[in-house]
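Biologist: Got a minute to walk me through this one? I'd like to hear about the helix packing and then the charged pairs.

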Amino acid sequence: MGDLKLAEPRFRIRDAKKEDASAMTEVFFRSFNAPFWQYFMPDTAVLRQWWTEGWQAGVLSSTDQSFVVEDTAKDNKIVAFSRWMKPQSDGNQERECWPDLPPNMDSGVAGAFFGGMEANRHEMMGKRPHWFLEMLGVHEDYQKFGIGASLIKWGTDQADSDGLETYLDASEKGKPYYKKRHAFGRDSPIEIPDRPEYGSFVYVSLVREPQKH
């Protein structure tokens, strides 16, 4: 595995632990706060429990690699996270680390969102082994320090070393960043139903070819 480094020495990256799960959930709600997320994933006790259980399962999974970033100037406060799914030699793409969705979610949006991601990944990747950035979040107060870029680069470096593709899902707004900064290429949209609470929202799946350094 390659090294993870940040330009700011006050920040420290380490493997996530099961006891980090609640802090990772807090970072999620302080990272994903656009109108779509406030509607689809509102900050409720039920959804906090769902996320916390999901992080705990991921940390314990042999197929995933989860990281957290700490701010050593703030008593090692966790300010970011990432979860990478490692390449599976048999081409298995099943994500086994998430509990069942809460029953009170908007089923139309949930089906389009989660179903669209799974369909795109199967269509774009087939059974080819690849590195998959499953989750990335940086606290809103820490989004100008290059933390997210470092967490992404760790995975793309692994993919380049392995000669494999990298896959992720992101907002349409973030697509230019991933293409320009991290050399992602092919993309496919995920159509999300409109709702009065957020208007229109488009998610997109992106694939990066391995790069030669």
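Modeller: Sure. The buried residues of H4 pack against helix H2 (35-40), strands S3 (77-85), S4 (130-138), S5 (165-171), S6 (187-191) and S7 (202-208). Contact here means heavy atoms within 4.5 Å, and helices (H or I, at least four residues) and strands (E, at least two) are DSSP runs numbered from the N terminus.

Biologist: Before we go on, what kind of model is this?

Modeller: A predicted one: local features need pLDDT of at least 70, side-chain atom pairs count only at pLDDT 80 or more, and totals for chains, interfaces and linings use all residues. Residues are numbered from 1 along each chain as its sequence is written, and side-chain values use heavy atoms, with hydrogens and water left out.

Biologist: Which H4 residues are buried?

Modeller: Among them are Val109, Phe113, Met117 and Arg121. Buried means under 20% relative accessible area (1.4 Å probe, protein chains only).

Biologist: And what follows H4?

Modeller: Glycine 126, with a positive phi near 60 degrees.

Biologist: Switching to charges: how many salt bridges are there?

Modeller: The whole structure has 18, counting a side-chain nitrogen of Lys or Arg within 4 Å of a carboxyl oxygen of Asp or Glu.

Biologist: What does arginine 14 pair with?

Modeller: Aspartate 20, at 2.8 Å N to O, and glutamate 70, where the closest N and O atoms are also 2.8 Å apart. Arginine 14 is in strand S1 and glutamate 70 in strand S2, 56 residues apart. Both of these residues are buried.

Biologist: And arginine 83?

Modeller: Arginine 83 meets aspartate 64 in a salt bridge of 3.6 Å, N to O. Arginine 83 lies in strand S3 and aspartate 64 in strand S2, so the pair ties together parts 19 residues apart in sequence.

Conventions. Buried means under 20% relative accessible area, exposed over 50%, partly exposed in between (1.4 Å probe, protein chains only).
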